[in-house]
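Hi everyone, thanks for making time this morning. I'd like to walk you through one structure, so please have the viewer open and follow along.

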Amino acid sequence: MLAIYVHIPFCKQKCSYCDFNSYPGLDAVHGAYIDALVSEISAEAARFNRASISTIYIGGGTPTLLAPEQIGRVLGAIKDNFTVVSDAEISIEANPETVTRENLVALRDAGINRLSLGFQSLDDDLLELLGRKHTAVQAVEAFRAARGAGFENIGIDLIFGIPGQSLANWALTLEQAIALDPEHLSCYGLTIEPGTALERAIDASVVASPDEDLQADMLLYTMDSLYESGYEHYEISNYAKPGFACKHNLTYWNGGDYLGFGAGAHSKAGRARYSNIAEPAKYIEGAGSDTRIAESVQLSVVDEMSEALFLGLRKMDGVNLDEFDARFGQTIDNVFGEAIEDLVGIGLLVKNANLRLTPRGILLGNEVFSRFV
Ligand code: SF4
């Protein structure tokens, strides 16, 4: 079984914190981009012999800037060229200002059964600081429109630790999001990425730097609050009602294989990792052939073991020691014993049948992962 990711690199405008592969002002190439995706999908299908597909994730960018018919064409190409299982999870990311009940119904009709809504905040001042195009009211209306359109699996994405955001402000946003009763919540601590407008504003002292201690308090608050509201914390930043964990993202964290289509998309097949050219115009030129590939590497066994650890430890269940042995033919302690002993010793990891992060390890995840790279 494979997972498929489709990247749509178009946005209305660039958000202040964003370093994703996304571009405003490319409306004129939407049609050519869809053609390119369709040719990439059929070329790759020949290589993967109509493999079975368990999940499809259309992300961006802002996929809902495209017409539902264009999304439908991409899904049709996947279904024509691969074997999509009957209960496949098929997700799309959506920004609140780009959805209406009508286009959500059309997306449902095209086969999308999971929606990931990018709220980010429910405070209009913070939304403006983040450079988002929607208001809090539009976000709530988008959620209600999605329910009205028949979506029974809706995720809300939120960001905490925004400059100027208090714990009380975050608590209110979280409470309002929970009140909508989504099946899934992703809550990310804001990181200031190099080269973004937000970084420049902080460097120029126009915006305050994020407060790391406050961000840690917000994460602890989030974990408690969502636990009390019946959400399972299944990955560092992700929470779901029972049965609604995102199967697509679990494929990444469990080390499964996936195909990425579109500009800058990454693929994994066994130990091979490769990625497409990020720039949309160049991707469009090369989509039907291998000239679209920007980078290709074959991991060593040790690289693959490292990857299994730092991806697996993102899950709250962590890494099962027996499964690691069975996959790699040697124990986790043979390879990483010293780092594990250190991290258990300072209270960041706990080891029994599984190796997993402690609550303190969740707060200091990057420190843990860096020991396995
Ligand atoms: S909508 Fe998403 S991908 Fe587009 S600029 Fe904003 S954060 Fe980046």
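I'll start at the ligand, move through strands and helices, and finish with some backbone details. One thing to keep in mind as we go is that this is a predicted model.

Let's begin with the ligand. Which residues surround it? From the early part of the chain we have Cys 11, Gln 13, Lys 14, Cys 15, Tyr 17, Cys 18, Phe 20 and Ser 22, and they are joined by Gly 61, Thr 62, Asn 95 and Arg 132. Sorted by class, that shell has five nonpolar, five polar and two charged residues.

Hold on to Gly 61, please, since the backbone there deserves a look. Gly 60 and Gly 61 are linked by a cis peptide bond, with omega at about 15°. As a reminder, most peptide bonds are trans. Where does Gly 61 sit? You'll find Gly 61 in the loop that runs between β4 and α2.

Now please turn to strand β1, which covers residues 2-8. How many of its residues are buried? Seven of the seven are, so to speak, out of sight: the strand is mostly covered. In a regular strand, side chains alternate between the two faces of the sheet. Here both faces of β1 are covered. On one side we have Leu 2, Ile 4, Val 6 and Ile 8, on the other Ala 3, Tyr 5 and His 7, and all of these are buried.

What does β1 pair with? One partner is β4, residues 52-60, in the parallel sense and over seven bridges. If you want a landmark in that pairing, look for His 7, which stands opposite Gly 59 of β4. Another partner is β11, residues 258-261, again parallel, this time over four bridges. The landmark there is Ala 3, whose bridge partner in β11 is Tyr 258.

Next, a pair of helices. Two packed helices are described by the angle between their axes and the distance between the axes. For α1 (residues 30-47) and α2 (residues 68-81), the axes come within 9 Å and cross at roughly 10°. The two helices are therefore roughly parallel to each other. Which residues make the contact? From α1, it's His 30, Gly 31, Ile 34, Asp 35, Leu 37, Val 38, Ile 41, Ser 42 and Ala 45. They meet Gln 70, Arg 73, Val 74, Ala 77, Ile 78 and Asn 81 of α2. By class, the residues of this contact divide into eight nonpolar, five polar and two charged.

Let's jump further along the chain to another sheet. This one is open and has three strands, in the order β15-β17-β16, with antiparallel pairing. β15 (319-320) and β16 (349-351) each have a single partner strand and stand at the edges, so one side of each is left without a neighbour in the sheet.

Going through the pairs, β15 and β17 (residues 354-357) are joined by two bridges. In that pairing Val 319 has Leu 355 of β17 as its bridge partner, and Asn 320 has Asn 354. Between β16 and β17 there are three bridges, and Leu 355 turns up here too, as the bridge partner of Lys 351. A hairpin of two residues connects β16 to β17. Lying across β15, β16 and β17 is helix α13 (residues 332-345), which runs at about 125° to β16.

A quick stop at Ser 306, in helix α11 (residues 301-312). Is Ser 306 buried or exposed? With 8% relative accessibility, Ser 306 counts as buried. Leaving aside residues up to four places away in sequence, Ser 306 touches Phe 336 and Phe 372.

Last, two backbone angles to check in the viewer. Most residues other than glycine have a negative phi. Gln 120, in strand β6 (residues 114-120), has a positive phi of about 70° although it is not a glycine. Asp 181, in the loop between α6 (167-179) and β8 (184-189), also has a positive phi, of about 65°, and is not a glycine either. How do their surroundings compare? Gln 120 is buried, at 9% relative accessible area, whereas Asp 181 is partly exposed, at 40%.

That's my tour, and I'm happy to go back to any of these spots.

Technical notes. Residues are numbered from 1 along each chain as its sequence is written. This is a predicted model: local features need pLDDT of at least 70, side-chain atom pairs count only at pLDDT 80 or more; totals for chains, interfaces and linings use all residues. Side-chain values use heavy atoms; hydrogens and water are left out. A residue is near a molecule or strand if one of its heavy atoms lies within 4 Å of it. Ala, Val, Leu, Ile, Met, Phe, Trp, Tyr, Cys and Pro count as nonpolar, Asp, Glu, Lys and Arg as charged, and the others, Gly among them, as polar. Buried means under 20% relative accessible area, exposed over 50%, partly exposed in between (1.4 Å probe, protein chains only). Two strands pair if DSSP finds at least two bridges between them. Axes are lines fitted to C-alpha atoms, for helices over the stretch in contact, and angles run from 0 to 180 degrees between N-to-C directions. Angles under 35 degrees count as roughly parallel, over 145 as roughly antiparallel, 65 to 115 as roughly perpendicular and the rest as oblique. Contact means heavy atoms within 4.5 Å.
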